[in-house]
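Here is a friendly walk through a structure you may not have met before. Take a look at it first, and then we'll go through some of its parts together.

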Amino acid sequence: MMDKKAIALLKKYYLPYRPDGQPSETEKESAIKSGILVPDSSMTHDEIVAEIKKLAERISLECAAKAFLYSLSSGDMRYRSAVSSLLWAKGLPEHKLISNGVEKNDWRTPVCVICGCSHGFDGAEIVDWNKYGVFHYLPPKQYGREPDYTCAEYVLNDLREFEKLPAVEPCEEDYRILNGLFACVKEMKPHNMDTALVSEIRTRKFFDATGNAIHCILGILSACGILEGAENKGYLHEYVNFSDHGSGRDGLTFYPLIFWRGKDGVNYNAVNEIFGSFSKDMLSPEKAVLPEIKEPETVKNKTVSKAEQYFTNGVYSIMLTDEERRYLALDPVNPSWETVSMYSVTYRLKKRTVMFFEGNTIVKAIYEEHCVNDDGSYTWRLYCEFDTRLETDNRTMLLPLTSRGRAKPVTPTNVMAIKPFGCDFCIQLREDHSRIYAYNMRNYQVIPIGEEDRIKKIMSDEDFHEFMKYYISTCPDDYFERIAAVRNMEHQTIRFGAGDIFRCQVDRTHYTYGLILGKTRQIEKWDELPEVHSFRHVMMQPIIVRMYDFVTTDKNMTDKELADMPLRPPKLYSDCDILWGTHKIVAHKKLVPEDIQFQLQLARQVKKSKHDTIFTAEWIVKFAPGNPKPKMTTPKTLYVEWGFTSFEIPWDIVPDNIRKMLDEGMHFDGGAALDIIGDYCGKSLADILKESPGNLIQYDLLLPENRDKFNLIMNFLGLPDDCTIDDFAEKYGGISRQEFIELIEKR
């Protein structure tokens, strides 16, 4: 009988991806005595490889193959994976740790590219074998992660522990189960992947196992070469280096199972080589008979979704006409199309997805969300419509788009997870501010609708149609040229650099422009950038942009015409709008010092650690205006950053007027905006806050309206009111604007 406390320790500390703590020495010692846990040991990479090869010579393939079969009906996980571990070990080439045998990345533990070993590169290293042995004692339904059957540490621990076990013999039930698995393979369509096979096996109900358990069995059979891809083989006759396994998908990582397809079937040559010495003809194509499917009990009453009562068949929050669709780059609705509706509820959100079918092809979808209060009133409503072309198998399974894909059930989640092959239109109706978006996700082209003042007043279907009458009547003559580009423009990748000027379309007739100063991913590699700097903590691929502070109807302005136009303070944006051609580059200019500006950042530093820095704390809870103050929030320092200079000032010398300023606002922006928009161009801060009260732009210290706060900071730092970034760099270190221009052009 197994020690329950030891099993509980395995489950708590070794099964999760990120366990909470480690077992105490007392707990671990007791569990080791029970035989469940294994003591740590110190080994080098070369010692691990050498011991694996010795074990491979001592253990017989017949013994490991019988053990695998025995585990199917017994459920004893200690016996299950020894056969794949043994074949892996027999094929493993002898190799020493050399420089080209180790792969190192910043984001992961260094691993040997041959065997996947992650220990003992710099001498002997302690290995906690229980990280690998946990799968021997817990059922797969409890796995929070899948075992890596093809890494050196797992194989060594697996074979060590297997060698201690008594020999076993399979029974008739074991052969029936494995033949049933092979029979289910015959039912697979050529494109089906392992997940479809798992579903088929579970549907047949001839094997009492969870989907995770079945998937692990398939992973073992695949490693043995029984379920292998046409080009990606198992380990029976050839060894595949760890670095050549390829990446998994959707968390499914068994190699070579990720490459197996239904057309590959069962490799019976491998079956005979592994099991034939004792199974005779017990495992053969003729014996692979498909078990009968157990008919489910008849459902007396169909369960109706709680969301269904909030919707009426054929009636939507917005009843688009085909004429309106034409102006929004959407296809008209063909009356012959059939529809299928699906409903769901998530807290207060009532959801409906309507799929339009032309035969077995989904050609359009309408997705609606209603946020409903407890009293039945609506907080907001969302209507989205998009065109697509998704082939299905009898309207039940989405067929994969590529040979590497897998069929998935036709569900709202799976349908909407695929980028539409046409355009997407969304409108959110809410009392405070309605919004409209229309774009093509395939080529990143957007319809610049504009008209925010009118759109935010739309509260109903009637309001929307009134707006569309106005919108259609005021479209420019070349409007459908833009619609054609949104619908049909090929996806493109644009090269760009510092000094490039792009055009940003604000609405159907108005434009503004922006100047690119550089890419932070390049700048953060410069030695001149301080180790502590916001550029090093920004997600996406950010670029530094200064928008020109005006709006015009002229979409063909030149760099000479823009030379004397004012520029807004800098902002970090994702590069997507430039990279994919949403905003077209129209000119280039040689940068001059007056063009160069960087965000001025001020923030309170509470504490510093690897995972808690000024770049996380300021934005989450520490001192955001209006947030309740957590315990022990006395700041230690004031963080200051401008350009290529950053430093900290002891908090106790920060004057009260600056402390008060930081209490009232967040004068720190360490993030990057996803979309480049010209909404703020040509507007004063008062105009912006009138339209969007509480907008964080009000805390930008470089705005003319915040000049008094800027001067307050500069005076405290011993600089004059008219201080430039060059003066700041001269006093506190860093590079001047001219030096930045020379470096960005050179690099």
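## The overall picture

Among the contacts in the protein chain with a separation of 6 or more, 68% are between residues 24 or more positions apart. What you're looking at is a predicted model. The chain has 747 residues, and 50% of them count as buried. Its secondary structure comes to 25 helices and 21 strands. If you drew a box around the C-alpha atoms along the principal axes, the box would be roughly 85 × 70 × 50 Å.

## A helix tucked inside

Let's start with helix 10, which covers residues 211–223. From first C-alpha to last, this helix reaches 18 Å, close to the 18 Å expected for its 13 residues at 1.5 Å a residue. Twelve of those 13 residues are buried, so helix 10 is largely enclosed by the rest of the structure. Among the buried ones are Gly-211, His-215, Cys-216, Leu-218 and Ala-223. What do they pack against? The buried residues of helix 10 sit against helix 4 (61–74), helix 5 (82–91), helix 8 (172–186) and helix 9 (194–204). Just after the helix comes Gly-225, with a positive phi of about 95 degrees.

## Two nonpolar cores

The largest nonpolar core has 100 residues, and the members touching the most others are Trp-88, Leu-178, Ile-226 and Phe-275. Helix 8 gives this core its largest share, eight residues. There is also a second, separate core of 48 residues, which includes Leu-529, Ile-596, Phe-740 and Ile-744.

Ile-226 deserves a closer look. Leaving out residues up to four places away in sequence, Ile-226 touches Phe-182, Leu-221, Gly-265, Val-266, Asn-267, Ala-270, Val-271, Ile-274 and Phe-275.

## Two open sheets

Now for some strands. One open sheet has five of them, in the order 17-16-15-14-18, with antiparallel pairing. At its edges are strand 17 (571–574) and strand 18 (585–588), each pairing on one side only. Another open sheet is made of three strands in the order 19-20-21, and its pairing is antiparallel too. Strand 19 (600–605) and strand 21 (645–650) are the edge strands there.

Here's how the two sheets line up:

| Strand order | Average turn between neighbouring strands, direction ignored |
|---|---|
| 17-16-15-14-18 | 40 degrees |
| 19-20-21 | 20 degrees |

Zooming in on the five-strand sheet, strand 14 (residues 500–505) and strand 15 (residues 511–519) pair over five bridges. Cys-504 has Thr-512 in strand 15 as its bridge partner.

In the three-strand sheet, strand 20 (residues 637–642) and strand 21 pair over six bridges. One of the residues involved is Trp-642, whose bridge partner in strand 21 is Thr-645. Helix 24 (residues 725–732) lies across strand 20 and strand 21, running at about 65 degrees to strand 21.

## One residue up close

Finally, meet Thr-379, which sits in strand 8 (residues 378–393). Is Thr-379 buried or partly exposed? Its relative accessibility is 31%, so Thr-379 counts as partly exposed. Setting aside residues up to four places away in sequence, Thr-379 touches Cys-371, Asn-373, Leu-429 and Arg-430. With Asn-373 there is a polar contact, side chain to side chain, at 2.7 Å. Arg-430 is 51 residues apart from Thr-379 along the chain, yet their C-alpha atoms are separated by 6.5 Å.

Terms used. Residues numbered from 1 in each chain as written. Predicted model: local features only at pLDDT ≥ 70, side-chain atom pairs only at ≥ 80, totals over all residues. Heavy atoms only, no water. Pairing = 2+ DSSP bridges. Helix = DSSP H or I, 4+ residues; strand = E, 2+ residues; numbered from the N terminus. Axes fitted to C-alpha atoms, helices over the stretch in contact; angles between N-to-C directions. Expected span 1.5 Å × (residues − 1). Buried < 20%, exposed > 50% of the residue type's maximum accessible area, 1.4 Å probe, protein only. Contact = heavy atoms within 4.5 Å. Core = buried A, V, L, I, M, F, W, Y, C linked by side-chain atoms within 4.5 Å. Polar contact = N/O pair within 3.5 Å; in protein donor to acceptor, adjacent residues only side chain to side chain.
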